[in-house]
Amino acid sequence: MTETDRTGALTAFRAKMAAENLPDLVIDTFVHYYEKLIAGDKGLIADRQIDAVSLEEIAAYERLATFETAGRELFGQTVMIRLNGGLGTSMGLQGPKSLISVKDGRCFLEIIVGQAQHLGARLCLMNSFNTQAETEAALATMGADPAPRLFLQNKFPKVDQQSLTPAVWPQNPHLEWNPPGHGDIFTALHTVGLLDALLAEGVRYAFIANADNLGATLDAALLGHFAEQGAPFMMEVAQKTPSDIKGGHLARFKNGRLVLRESAQCPKEELDAFSDIHRYRYFNTNNIWIRLDALQALIRRRGVLALPMIVNPKTIDPRDPDSPPVYQIESAMGAAISLFDNAVAVQVPRSRFLPVKKCADLLAVRSDLYQLLPDWHLQANPARRLGPLKFDLDDRYYKRVDDFEARFPAGAPSLLNCSALTIHGDVRFEADVVVEGSVTLRNRHAQQVLVPKGRVLSGEVELRP
């Protein structure tokens with residue numbers, strides 16, 4: 001790219017963002033990343049740049065009970081912030097994922113609001129330009145008191161892969177933009193004035209988590225521990241299992257600072273090392289604790305928060321693989337751990353990590369594997385005596401939410417005593433079906449097969465119309 005082309009592209013990007021009334025800091029942040037992109041930086045973090053984190057370096061949740069009382073006394077100085085910008089496109093959703101029914105007929109958003117009200121905690125929601133209007137409408141029907149405070153995630157222009165200029169899609173100009181990843185939360189809090197407002201109200205701590213993870217609750221022991229540490233930033237991590245090999249992992253730069261490396265930031269030739277769960281033991285749950293005064297000071301000192309960049313190659317219309325290829329420039333919230341002096345991590349149980357990323361996750365949470373308690377806390381059913389349930393659902397019929405709902409019209413079957421469930425073919429379940437042990441259902445026919453009400457399934461089952 002010549003200097004003239006670079007100058008012209010930057011001018012075009014700045015003008016496009018200014019026309020959308022994006023704040024100067026957001027424009028400067030995009031320009032920072034764009035200049036790295038055109039310089040050939042793909043945001044990669046190689047093994048030679050980092051060291052693994054050992055077991056001895058991370059505090060364990062099980063040892064934090066003594067901080068619970070102190071933590072409860074800090075609830076009044078704490079805000080819960082939920083990332084509510086996701087559309088759940090991988091599940092075939094068109095609207096906010098937080099509005100789908102997840103447990104006992106209630107959606108994620110209802111449960112999150114219930115948790116905040118039970119604790120008497122402040123609640124803020126960061127929406128994307130895709131979710132803001134529907135979230136506002138849904139909250140209006142809930143009558144939450146006090147109502148959560150909403151703020152809008154910023155947006156970045158997509159970059160045409162061939163010309164490295166602003167991507168253009170006249171068929172749907174909305175698709176010329178992408179949310180810049182949840183790493184934008186820190187800039188967004190500042191640019192909308194919410195960071196200063198919360199601090200003025202005496203709020204010192206923030207707990208941030210994804211809206212689709214109902215295991216992530218405001219925990220007194222963790223809050224007390226965080227305050228006692230005096231750290232500006234704390235990441236909740238969990239030990240990796242073979243099912244977590246793709247998750248972003250915790251490591252240290254050679255200078256000792258903690259760093260989060262996502263799979264998109266790993267050189268392709270090092271993916272085997274990235275997936276080694278015995279080397280990189282901890283993955284980021286995306287449950288984050290941050291001291292708001294430390295964040296304010298960092299922004300005042302640095303302006304642009306140069307989080308490690310993630311470059312996502314996409315097509316401009318994600319549903320059209322033949323549409324022009326673009327780059328989406330993004331960043332991850334947890335990556336801010338590398339920006340703060342004395343940032344820490346804490347190992348938490350898997351019960352604090354229950355994300356719904358696909359329909360199999362939704363089936364598990366809806367079933368009797370989990371209980372929604374009166375305090376709005378989602379917990380694993382204590383009657384279960386087996387390990388994690390393994391799912392393999394036929395993507396042709398269970399990948400999209402609409403298709404999934406049509407095959408469980410009476411709700412989820414009982415999975416309490418099920419260790420594994422595999423479904424091949426088109427199968428629809430009536431009410432009160434019980435699945436026990438390791439079960440494989442096969443429908444080899446083009447016609448859908450019905451599992452009748454009250455049936456108990458076990459072992460290998462050949463189904464016929």
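What is the volume of the second largest pocket? In this predicted model, the second largest pocket has a volume of about 280 Å³. Its lining is made up of 13 residues, and those closest to its centre are Leu44, Ala264, Cys266, Lys268 and Val311. Strand S16, which covers residues 310-315, gives the most to this lining, with 3 residues.

Enclosed space can be considered next. The count of cavities of 30 Å³ or more comes to 1, and about 70 Å³ of space lies in the largest cavity. The residues lining the largest cavity are Thr29, Tyr33, Phe156, Pro180, Gly183, Asp184, Thr187, Leu305, Leu307 and Ser331. Two of these names, Tyr33 and Phe156, line the cavity and also belong to one aromatic cluster, which they form with Phe13, Phe30 and Tyr34.

That cluster leads to the aromatic pairs, of which the structure holds 13. In one of them, the ring centres of Phe13 and Tyr34 are 4.8 Å apart and the ring planes meet at 55°, so the pair is tilted; a pair would have to exceed 60 degrees to count as edge-to-face. Because Phe13 lies in helix H1 (residues 3-19) and Tyr34 in helix H2 (residues 24-38), the pair ties together parts that are 21 residues apart in sequence. Both Phe13 and Tyr34 are buried.

Another pair is formed by Phe226 and Trp289, whose ring centres are 6.4 Å apart and whose planes stand at 50°, so that this pair, too, is tilted. Here a helix is tied to a strand: Phe226 lies in helix H8 (residues 220-229) and Trp289 in strand S15 (residues 282-291), and the pair therefore ties together parts that are 63 residues apart in sequence. Phe226 is buried, with a relative accessible area of 1%, and Trp289 is buried as well, with a relative accessible area of 0%.

Aromatic rings also take part in arrangements with a charge. The charged end of Lys155 sits over the ring of Phe129, at 5.5 Å from the centre of that ring, and the charged end of Lys155 sits over the ring of Trp177 too, at 4.6 Å from its centre.

Turning to the nonpolar interior, the largest nonpolar core has 73 residues, of which Tyr398, Leu421, Phe429 and Leu441 touch the most other members. When neighbours within four places in sequence are left aside, Tyr398 is in contact with Cys359, Leu393, Phe404, Arg407, Phe408, Ile423, Gly425, Asp426, Val427 and Phe429. Apart from the largest core lies another core, of 63 residues, among them Tyr33, Ile58, Ala206 and Tyr327. Tyr33 thus appears again, having been met in the lining of the largest cavity and in the aromatic cluster.

Two loop residues deserve a look for their backbone. Most residues other than glycine have a negative phi. Asp104, although not a glycine, has a positive phi of about 50°, and its place is in the loop between strand S4 (101-103) and strand S5 (106-107). Leu164 is likewise not a glycine and has a positive phi of about 60°; its place is in the loop between strand S9 (159-160) and strand S10 (177-178). Are these residues buried or exposed? Asp104 is exposed, because its relative accessible area is 55%, whereas Leu164, at 18% relative accessibility, counts as buried.

Technical notes:
Residues numbered from 1 in each chain as written. Predicted model: local features only at pLDDT ≥ 70, side-chain atom pairs only at ≥ 80, totals over all residues. Heavy atoms only, no water. Phe/Tyr/Trp six-rings, centres within 6.5 Å; stacked < 30°, edge-to-face > 60°. Helix = DSSP H or I, 4+ residues; strand = E, 2+ residues; numbered from the N terminus. Buried < 20%, exposed > 50% of the residue type's maximum accessible area, 1.4 Å probe, protein only. Lys NZ or Arg CZ within 6 Å of the ring centre and 35° of its normal. Core = buried A, V, L, I, M, F, W, Y, C linked by side-chain atoms within 4.5 Å. Contact = heavy atoms within 4.5 Å. 1 Å grid on protein atoms, 1.4 Å probe; cavity = no way out; pocket = protein on both sides within 12 Å on 5 of 7 lines; lining within 4 Å. Points joined across faces, edges and corners; volume = space filled by probe spheres on them.
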